[in-house]
Amino acid sequence: MSLPINNSMHHCSLQSSYPTVYFRIRFYLPIHCINERATQHIYYLQLRKNHVAYELFCDPNVYLQLAAFALQAELGDAPKCFNPESETSYFLPELYYPKKFIKSCDSVELAYYTYIHHSALRNTVTYLAEFHFIHLATKLNSDFNLHLYPLEKPTHKCRFSVWIGISPQGVILYQQFPDYWIVPTNRIKWNEIKRIYYNVSMDYIV
């Protein structure tokens, strides 16, 4: 884990006498390697950001369950009664789902099924909800525990974008057609990789 520190570490601002420290994940680890509660929470926050921002294709039930774990961790128990057809939602979907997922769902149905999944976690304490979120988000078919980088944008020769994911298990190649999900196409384990070469002018990796 790296700790990039900005210039405010070296001087006190007029608004605050406290330094600002930014945290980010440098290497993703299996959940059983994370022992400290504070470290688990930071890891959870990074995966929360990834699962909303990456727009990776996965089973809709995974997105519903991840949202439920996040809601339980951050808001506590779901309301005992909730009717999405007549009541304002108690959560903001854009904070718990990718934009593409929200657009593909009926808003009332999304609120209802999210509520059902969330209600099933009643009385689950925060650290357990975060633990279950991490466990699900790092499974093989979820793959949110990776760094995702664009390699090639659509051109007249190639109709889709190419992405590369750097994960604990190895390198994952993805493709994305315009306005569609980022879909995995090839997984290469670290022990199968002999050399990685990046050509800046040609913009590819071999």
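Modeller: Rings of Phe, Tyr and Trp (for Trp, its six-membered ring) pair if their centres lie within 6.5 Å; planes under 30 degrees apart make the pair stacked, over 60 edge-to-face, and the rest tilted. Ring pairs of this kind link Tyr 63, Tyr 97, Phe 101, Phe 144 and Trp 181 into a cluster.

Biologist: What kind of model is this, and which residues and atoms count?

Modeller: This is a predicted model, in which local features need pLDDT of at least 70 and side-chain atom pairs count only at pLDDT 80 or more, while totals for chains, interfaces and linings use all residues. Residues are numbered from 1 along each chain as its sequence is written, and side-chain values use heavy atoms, with hydrogens and water left out.

Biologist: How many aromatic pairs are there, and what makes Phe 82 and Tyr 90 edge-to-face?

Modeller: The rule gives twelve aromatic pairs. One of them joins Phe 82 and Tyr 90, with 5.3 Å centre to centre and 90° between the planes. The distance is within 6.5 Å and the angle is over 60, so the pair counts as edge-to-face.

Biologist: Is Phe 82 buried or exposed?

Modeller: Buried means under 20% relative accessible area, exposed over 50%, and partly exposed in between, with a 1.4 Å probe and protein chains only. Phe 82 has 12%, so it is buried. Its partner Tyr 90 has 23%, which falls in between, so Tyr 90 is partly exposed.

Biologist: Why do Glu 74 and Arg 48 count as a salt bridge?

Modeller: A salt bridge needs a side-chain nitrogen of Lys or Arg within 4 Å of a carboxyl oxygen of Asp or Glu. For Glu 74 and Arg 48 the N to O distance is 2.8 Å, which is within 4 Å, so the rule is met. Glu 74 is in helix H2 (residues 60-75) and Arg 48 in helix H1 (residues 37-53), 26 residues apart. Helices here are DSSP runs of H or I with at least four residues, strands are runs of E with at least two, and both are numbered from the N terminus. Arg 48 is buried at 10%, whereas Glu 74 is partly exposed at 37%.

Biologist: Which parts does the salt bridge of Glu 55 and Lys 100 tie together?

Modeller: Glu 55 and Lys 100 also come to 2.8 Å, N to O. Glu 55 lies in the loop between H1 and H2 and Lys 100 in helix H3 (residues 99-103), so the pair ties together parts that are 45 residues apart in sequence. Glu 55 has 15% relative accessible area, and therefore counts as buried.

Biologist: Why is the pair of Asp 77 and Arg 122 called a salt bridge?

Modeller: Their closest N and O atoms are 3.9 Å apart, and the limit is 4 Å, so the pair qualifies. Asp 77 is in the loop between H2 and H3, and Arg 122 in the loop between helix H4 (107-119) and helix H5 (126-137). Both are partly exposed: Asp 77 at 34% and Arg 122 at 31%. By the same rule the count comes to five salt bridges.

Biologist: Which residues does Gln 72 contact, leaving aside its neighbours within four places in sequence?

Modeller: Contact means heavy atoms within 4.5 Å. Gln 72, in helix H2, contacts residues that include Asp 77, His 118, Leu 121 and Arg 122. At 2% relative accessibility, Gln 72 is under 20% and so is buried.

Biologist: What is in contact with Phe 91, leaving aside its neighbours within four places in sequence?

Modeller: Its contacts are Leu 71, Leu 75, Tyr 96, Tyr 97, Ala 111 and Thr 114. Phe 91 lies in the loop between H2 and H3, and its 4% makes it buried. Phe 91 and Ala 111 are 20 residues apart in sequence and 8.5 Å apart in space, C-alpha to C-alpha.

Biologist: How do you know that S3 pairs with S2 and S4?

Modeller: Two strands pair if DSSP finds at least two bridges between them. Six bridges join strand S2 (residues 161-166) to S3, and six join S3 to strand S4 (residues 183-189), so both pairings pass. S2 and S3 run antiparallel, as do S3 and S4. Gly 165 has Ile 172 in S3 as its bridge partner, while Val 171 stands opposite Ile 188 in S4.

Biologist: Why is strand S3 called mostly covered?

Modeller: S3 spans residues 170-176, and five of its seven residues are buried, so the description fits.
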